Amino acid sequence: MHEYAVTQGVLDIVLTEAKKIGVLKVTEIRLVIGDLSTIFDESVQMYFNIMSEGTLAQGANLIFKKVVSRFRCTACGNEYDKPKKGFECPQCGELGLPTGVGREFYIESIDVE
Amino acid sequence: MEIKIMKNIMEANDRLAAENRALFRDRGMTAVNVMASPGSGKTSVIIQVIKSLGAEIDIGVIEGDIATNIDAETIGRLGIPVYQINTGGGCHLDANMIRMAVQNFTLKKRSLLLIENVGNLVCPSTFDLGEEYKLVIASVPEGHDKPYKYTSMFMAADVIILNKKDLMPYIDFDKDSFYKGVRAVNQKTHVFEISCRTGEGVQTFISWLRERVQEGM
């Protein structure tokens, strides 16, 4: 639901970086987004298309590298992708804790001309 | 040509939040970001805090709301300084809104600042406001599955209130499942079971909050 604000953040960073290096056009933007970040890719692209009009980044393609959240079992130490339901370790059934993988929320790189 | 960026998308917000946090700490203020679904009792909890601590601690309230000032009026009637932010449809408060509110709002030093976020269990968890504590309120009628469905919110919480505990006998609320979900994503947080309607459990939370405010002074 907060995709508008997120998109504004992406655009601001990309334009600042692009102007710093003096590029003419940004053609692709790679975002790394953990699945705990609660944003909807298609909405970000939609906002981006509108908000980037008339800027260096107009028409740029957004690539979302999604990171599945990883949990570590408190009992057996197994690391696993968060199951669809609950947080239990698929190996022993005990509770796991978040490892931090899945909270990523950054711009990795851009392609420029 | 590819250019590495490696920058946090939230960096503009996070920078302003850090400034807010420094300002609050410098003034000995304890800021609490109150987040929950609509109708879970954010305003009711704030009213309980004002009634319990208003005589001994200076309290200010920032009210986030999509369009109305209903909650701000309720708080204002208690004689507490209140600043209204209308997000105009926006689903969360951000650090810039808090910065502007603070500039237009006289906040006493060594006080408690309660920030009522927009009712929403998703978006507010992403936006640091510069608060010292994120208070997440869940309520019994919402069901025990909320920590499973809104993981990032319960992960972010520094303290959790389970409100409307007086409704427990009437609702199929699986407390074990709720606590299991909370503990899976957040081991450090306190959970206070309260009822704003009957007052049950409220003073235990108030004691916790009083200590945090005194620490921050």
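Here are a few questions and answers about this predicted model.

User: Which strands are at the edges of the open sheet E2(A)-E1(A)-E6(A)-E1(B)?

Analyst: Happy to walk through it! The sheet has 4 strands with mixed pairing, in the order E2(A)-E1(A)-E6(A)-E1(B). An edge strand pairs on one side only, and that picks out strand E2 (61-67) of chain A and strand E1 (2-8) of chain B.

User: Which residue in E6(A) does Arg30(A) stand opposite?

Analyst: Start with the strands: E1 (residues 26-34) of chain A and E6 (residues 105-112) of chain A pair in the antiparallel sense over 7 bridges. Within this pairing, the residue opposite Arg30(A) is Ser109(A).

User: At about what angle to E1(B) does helix H1 of chain A run?

Analyst: Helix H1 (residues 3-21) of chain A lies across E1 and E6 of chain A together with E1 of chain B. Its angle to E1(B) is about 135°.

User: Why do the buried residues of H7(B) line one face of the helix?

Analyst: Good one! The buried residues of H7 (residues 175-185) of chain B are Ser177(B), Phe178(B), Gly181(B), Val182(B), Ala184(B) and Val185(B). Seen down the helix axis, they line one face because they fall within an arc of 160°.

User: Is Asn120(B) buried or exposed?

Analyst: Asn120(B) is found in the loop between strands E5 (112-116) and E6 (133-139) of chain B. Its side chain reaches the backbone oxygen of Cys91(B) at 3.0 Å, and a polar atom of that side chain lies 2.7 Å from the backbone nitrogen of Val122(B). Buried means under 20% relative accessible area, so at 5% relative accessibility Asn120(B) counts as buried.

Key. Residues numbered from 1 in each chain as written. Chains lettered and ligands numbered in written order. Predicted model: local features only at pLDDT ≥ 70, side-chain atom pairs only at ≥ 80, totals over all residues. Heavy atoms only, no water. Buried < 20%, exposed > 50% of the residue type's maximum accessible area, 1.4 Å probe, protein only. Helix = DSSP H or I, 4+ residues; strand = E, 2+ residues; numbered from the N terminus. Arc of directions from axis to C-beta. Polar contact = N/O pair within 3.5 Å; in protein donor to acceptor, adjacent residues only side chain to side chain. Pairing = 2+ DSSP bridges. Contact = heavy atoms within 4.5 Å. Axes fitted to C-alpha atoms, helices over the stretch in contact; angles between N-to-C directions.
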